[in-house]
Structures are given as structure tokens and as C-alpha cells.
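Notebook open, coffee ready. I wanted to see how this chain folds up and what sits in its middle.

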Amino acid sequence: MALSEILTFTFVASLLVMSPGPNGVLIAKTVPTSGRSGGFANVLGFITGFYIHGALAILGLSIILMQSATAFSIVKYLGAAYLCWIGVKALIAAFRGDDPPVPVSPAKRQRTLVKAFFEGLLTNALNPKVSMFYLAAFPQFITVGETTAAASFLLVTIHATLNALWFGAMVLMVARLTRASKTPRFQRWLKGVTGVVFIGFGAKLACYRPSI
């Protein structure tokens with residue numbers, strides 16, 4: 001794989017990572033309540049989701065998903081339901097005016113990190129648009145019979161690294177803002193916005209129709 005191809009893929013993947021989406025909203029929801037560690041757990045979940053989608057794309061399973069209307073619909077509606085569920089939970093918390101959680105013991109903190117990890121993982125794993133990115137990008141940078149699996153996963157690693165850098169910086173930024181704004185009113189406003197945005201993403205995904 002030529003260096004020019006790697007640099008081109010890096011540029012395209014950077015645009016995708018930096019574009020607004022559910023990942024950024026999840027970070028904004030997690031950090032104020034679970035801290036930077038919860039946000040980084042989200043990011044680790046994102047990265048794992050990218051490798052799952054990358055492996056499916058490389059193995060050709062994503063093509064089957066896209067060619068099967070039933071399979072695509074199942075994944076699409078599962079993803080939409082999950083995003084809407086997060087949004088509804090955030091709106092309920094905003095309506096009730098739940099206060100930020102008090103400090104917890106290490107055992108409970110660990111459980112929170114595991115939950116944050118799986119939230120990040122599911123946000124990516126249940127999003128068919130991520131699979132479509134790999135279906136659209138990989139054919140342009142991979143030659144069947146010539147490009148090795150290791151070279152293919154290099155692209156996935158580049159994508160995952162960009163994601164880690166971008167959202168890692170976002171975690172630190174949100175954490176700094178959170179320390180300056182921990183009032184209940186700010187928390188309710190943030191949860192309300194998060195709920196509306198996540199429900200919007202879920203509805204958009206439910207109405208999504210592939211163009212291929």
C-alpha cells in the first residue's frame with residue numbers, strides 16, 4: 001500500500017471523525033456525570049466498535065448486510081432504538097432534575113466504567129453508517145488479491161487512532177468545562193439537549209435508506 005493512499009485515507013477518515021455525530025454527544029453526556037475516566041471508557045468503546053466494523057468489512061460480512069434488506073433493517077432499527085433510549089433517559093433525568101451523582105466506592109466506579117465502555121461500543125457497533133463508510137472507503141484503497149489483511153487493518157488502526165485523539169481531546173475539554181459548570185441548572189440543560197439530539201439521531205437513522 002503506497003504512502004499516498006495511506007495519507008489520502010487518513011484525510012478522509014479525519015473528516016468523518018471530526019463531523020458531528022452521536023459519539024460527541026455521548027461524550028458530552030458521560031463526562032459531566034462520570035468524569036474523564038468515563039469519557040475515556042466511551043472512547044475505548046468507540047475504538048472497539050471500529051475494529052468490529054473493520055473486521056466485518058474486510059471479511060465481506062458487511063456486503064452481505066448491505067445486500068440483505070432484512071439484515072440491514074434489523075441492525076438499523078436496533079441502532080435507532082438504542083440511540084432513542086439514551087435520549088429518553090437523558091430527557092427523563094433532565095425533567096426530574098436529578099443531581100450529579102455523589103462520589104462512589106472503587107467497586108461501583110469500576111462498574112460505571114464498564115457501562116460507559118459498552119455505551120461507546122454500542123453507539124458505534126449498532127450504526128450501519130459506519131459499515132457503509134468502510135464499504136465506500138476500502139474499495140478505493142484495497143486491491144483484492146494484492147493488499148494483505150495486515151495492510152487492511154492498518155487503515156482501521158489509523159481510523160481508530162484519529163478517533164482516540166479527537167475524542168480524547170474532547171473528553172479533556174468537556175471535563176474542564178464541567179469543573180467550571182457543575183450547577184444543577186447546567187446539568188439539566190445538558191441532559192435535555194443530549195436527550196433531544198440523541199432522539200434526533202435515532203429518528204434520522206430509523207429513516208435512513210442506503211443509496212447502494
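I began with contacts, meaning heavy atoms within 4.5 Å. Residues 24 or more positions apart make up 89% of the protein's contacts with a separation of 6 or more.

A note to self on what I'm looking at: this is a predicted model, where local features need pLDDT of at least 70, side-chain atom pairs count only at pLDDT 80 or more, and totals for chains, interfaces and linings use all residues. Numbering starts from 1 along each chain as its sequence is written, and side-chain values use heavy atoms, with hydrogens and water left out.

Next I looked up the secondary structure and got 8 helices and 0 strands (DSSP runs numbered from the N terminus: helices are H or I with at least four residues, strands are E with at least two).

Then burial, which means under 20% relative accessible area with a 1.4 Å probe, protein chains only. Of the 212 residues, 42% count as buried.

On to the largest nonpolar core (buried Ala, Val, Leu, Ile, Met, Phe, Trp, Tyr and Cys joined through side-chain atoms within 4.5 Å). I found 25 residues in it, and F9, I27 and F167 are among those with the most contacts inside. Helices α1 (3-18), α2 (22-59), α6 (128-141) and α7 (149-180) each give two or more residues, and α7 has the largest share, with 10.

I clicked on F167: leaving out residues up to four places away in sequence, it touches V17, N23, G24, I27, V43 and F46.

Last stop was H159, in helix α7. H159 counts as buried because its relative accessibility is 0%. Beyond four places in sequence, H159 touches F9, A13, L16, V17, F50, F133 and Y134.

Terms used:
Buried means under 20% relative accessible area, exposed over 50%, partly exposed in between (1.4 Å probe, protein chains only).
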